Amino acid sequence: PDVDAILAGDTIPAWPRLAAIAPSFESHTMAPPGALGIARGSDGTRWRVNVLPLPSRDGGLVVAAPLDHLDASVAAFGRFMTLTALLGAALTFLAGWLVAGRALRPVATLTHAATDIAASRAFSRRVPTTSTPDELGRLARTFNTMLDSLEQAYATERRFVADAAHQLRTPVAGIRVLAQELERELQRAGVEP
């Protein structure tokens, strides 16, 4: 390793970028007296190097330890975190889809029932209601109240039309009898109607 670069503090980072995102990682690292650094060997492996300068000699004491096991652990942790994040996102999406589907099922039921009632004009039918006092339950009960009003108005209209038809039958029958009588009188008199 380049001892002069380590003593000058010009070394490669001690940990990969993934491990550096943890704020407490750096604050718990205590360097011994001397210079601590990371060097890369000729084969690309990383080494933790501690250089303790010795004043009585030119140079110093150099202690190096390979970081292969640490780098392998950090890489395995990175793969684990990626897999965990993907699995968590998939589970969150699935749970959201199921919850949203369950929450929107009463809306679909209410919409389908209202569409059927409107198409068939069967105002005596009602939309299903829930026993829970939520907005959908109140909406279903309000819709059923509106259907009650429509059913009553429709029944009143039918009674009015039936009564009007009945009330008009007598005068129309009388007019018809008078018209037939007038036609016979005109024929007797020899006048063409």
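**Salt bridges, core and surface of the predicted model**

Arg126 is partly exposed, with a relative accessible area of 28%, and in this predicted model the residue takes part in two of the contacts described here between oppositely charged side chains. Arg126 forms a salt bridge with Glu151, in which the closest N and O atoms are 2.8 Å apart. Because Arg126 lies in the loop between α4 and α5 whereas Glu151 belongs to helix α5, this pair ties together parts that are 25 residues apart in sequence. A salt bridge also joins Arg126 to Asp148, with the closest N and O atoms 2.3 Å apart; Asp148 is likewise placed in helix α5, so this pair ties together parts that are 22 residues apart in sequence. Arg126, Asp148 and Glu151 are thus linked in a network of salt bridges. Both acidic partners count as partly exposed, Asp148 at 34% relative accessibility and Glu151 at 31%.

The search of the whole structure finds 6 salt bridges, and one of them is formed by the side chains of Glu135 and Arg138, at 3.5 Å from N to O. Here both residues lie in helix α5, 3 residues apart, which is about one turn of the helix. Glu135 counts as exposed at 57% relative accessibility, while Arg138 is partly exposed, with a relative accessible area of 42%.

As for the chain as a whole, 5 helices and 3 strands are present, and from the N terminus on these elements run α-α-α-β-β-β-α-α. Of the 193 residues, 12% count as buried, and the accessible surface comes to about 14,900 Å², of which 64% belongs to carbon and sulfur atoms.

In soluble globular proteins, nonpolar side chains tend to be buried together. In the present model, the largest nonpolar core has 7 residues, namely Leu110, Ala113, Ile117, Phe123, Val127, Ala140 and Leu147. Helices α4 (68-120) and α5 (135-189) each supply at least two residues of this core, and the largest share, 3 residues, comes from α4. When residues up to four places away in sequence are not counted, Phe123 touches Leu147, Leu150, Glu151 and Tyr154; among these, Glu151 is also a salt-bridge partner of Arg126.

Nonpolar side chains are found on the surface as well, where Leu87, Leu91, Phe93, Leu94, Trp97 and Leu98 make a patch of about 710 Å². Leu94, which has its place in helix α4, counts as partly exposed at 41% relative accessibility, because this value lies between the cut-offs of 20% and 50%.

Note on methods. Residues are numbered from 1 along each chain as its sequence is written. This is a predicted model: local features need pLDDT of at least 70, side-chain atom pairs count only at pLDDT 80 or more; totals for chains, interfaces and linings use all residues. Side-chain values use heavy atoms; hydrogens and water are left out. A nonpolar core is a set of buried Ala, Val, Leu, Ile, Met, Phe, Trp, Tyr and Cys residues joined through side-chain atoms within 4.5 Å. Buried means under 20% relative accessible area, exposed over 50%, partly exposed in between (1.4 Å probe, protein chains only). Helices (H or I, at least four residues) and strands (E, at least two) are DSSP runs, numbered from the N terminus. Contact means heavy atoms within 4.5 Å. Patches are made of residues with over 30% relative accessible area and no salt bridge: like charges are joined within 9 Å, nonpolar side chains (Val, Leu, Ile, Met, Phe, Trp, Tyr) within 5 Å. Accessible areas come from the Shrake-Rupley method with a 1.4 Å probe; for residues, only the protein chains shown count as cover. A salt bridge is a side-chain nitrogen of Lys or Arg within 4 Å of a carboxyl oxygen of Asp or Glu.
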